[in-house]
Amino acid sequence: MDNTLSATGATDEHDFNQAMIDMLEHCIATFRRKRQDYGDDNFIKAAKIASILRGKNFTPPDVAACLIGIKTARYGNLHGREALHESQEDSGIDLIVYTALMFREEQKYEEAGGNKREQAT
């Protein structure tokens with residue numbers, strides 16, 4: 001097993017694990033700060049707005065998936081060049097947080113009686 005993690009300088013498994021923990025804790029702290037600014041029901045509101053605008057049923061997990069798509073595209077556009085207003089790291093953090101939120105929104109949706117398979121068709 002290669003024990004290097006070039007982005008963090010970690011050289012052994014302990015350093016790698018600690019680097020991952022530190023990164024995820026940073027993502028959580030960023031999520032908490034943004035949640036204080038934006039509130040916690042944005043996926044529900046965005047799904048309702050998108051449903052009205054498009055005349056289709058969008059769910060909170062659909063909204064999260066779209067945000068992941070946008071962040072992934074933006075992250076790819078930043079590859080190999082320096083961004084002027086948002087770093088690749090910031091986009092990566094948002095991508096990690098959106099992915100976690102998508103899974104949580106999916107759980108909440110299923111707990112409320114939604115069906116993933118129905119939404120896919």
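Which residues does Glu105 touch, not counting residues up to four places away in sequence? The answer is Phe43, Pro60 and Pro61, where contact means heavy atoms within 4.5 Å. This is a predicted model, in which local features need pLDDT of at least 70 and side-chain atom pairs count only at pLDDT 80 or more, while totals for chains, interfaces and linings use all residues. Residues are numbered from 1 along each chain as its sequence is written, and side-chain values use heavy atoms, with hydrogens and water left out.

**The chain as a whole**

- The protein chain has five helices and zero strands; helices (H or I, at least four residues) and strands (E, at least two) are DSSP runs, numbered from the N terminus.
- Along the sequence, the pattern reads α-α-α-α-α.
- Of the 121 residues in the protein chain, 20% count as buried; buried means under 20% relative accessible area, exposed over 50%, and partly exposed in between, with a 1.4 Å probe and protein chains only.
- About 9,000 Å² of the protein chain is exposed, and carbon and sulfur atoms supply 55% of that area. Accessible areas come from the Shrake-Rupley method with a 1.4 Å probe, and for residues, only the protein chains shown count as cover.
- Among contacts in the protein chain with a separation of 6 or more, 46% are between residues 24 or more positions apart.

**Glu105 and its surroundings**

- Glu105 sits in helix H4 (residues 88-111).
- With 7% relative accessibility, Glu105 counts as buried.
- The side chains of Glu105 and Lys108 are joined by a polar contact of 3.1 Å. A polar contact is a pair of N or O atoms within 3.5 Å; within protein, one must be able to donate a hydrogen and the other to accept it, and residues adjacent in sequence count only if both atoms are side-chain atoms.

**The nonpolar core**

- Eight residues form the largest nonpolar core: Cys27, Phe43, Ala47, Val63, Ala64, Ile93, Val97 and Leu101. Such a core is a set of buried Ala, Val, Leu, Ile, Met, Phe, Trp, Tyr and Cys residues joined through side-chain atoms within 4.5 Å.
- Helix H2 (42-54), helix H3 (60-78) and H4 are the elements that give two or more residues to this core, and H4 gives the most, with three residues.
- In soluble globular proteins, nonpolar side chains tend to be buried together.
- Cys27 touches Ile93, Ile96 and Val97, again leaving out residues up to four places away in sequence.

**Helix H1**

- Helix H1 (residues 13-38) has 26 residues and spans 37 Å from its first C-alpha to its last, close to the 38 Å expected at 1.5 Å a residue. The expected span of a helix is 1.5 Å times one less than its number of residues.
- At the N-terminal end of H1, Asp12 acts as a cap, with a side-chain oxygen 3.2 Å from the backbone nitrogen of His14.
- Ala19, Cys27 and Thr30 are buried in H1, and the buried residues of H1 pack against H4.
- Gly39, just after H1, takes a positive phi of about 85°.

**Helix H2 and the loop that follows**

- H2 has 13 residues and reaches 18 Å from its first C-alpha to its last, close to the 18 Å expected at 1.5 Å a residue.
- Phe43, Ala47 and Ser51 are the buried residues of H2. Seen down the axis of H2, they fall within an arc of 75°, so they line one face of the helix; the arc is that of the directions from the helix axis to the C-beta atoms.
- Lys48, Ile52 and Leu53 are exposed on the other side of H2, whereas the buried residues of H2 pack against H3 and H4.
- Just after H2, Gly55 has a positive phi of about 70°.
- Asn57 lies in the loop between H2 and H3 and is exposed, with a relative accessible area of 53%.
- Asn57 and Ala47 are 10 residues apart in sequence and 7.9 Å apart in space, C-alpha to C-alpha.

**Helix H3**

- H3 has 19 residues and reaches 27 Å from its first C-alpha to its last, close to the 27 Å expected at 1.5 Å a residue.
- Buried in H3 are Pro60, Pro61, Val63, Ala64, Ile68, Lys71 and Leu78. They cover an arc of only 150° around the axis, which puts them on the same side of H3.
- The cover over the buried residues of H3 includes H2 and H4.
- Gly80, just after H3, takes a positive phi of about 80°.
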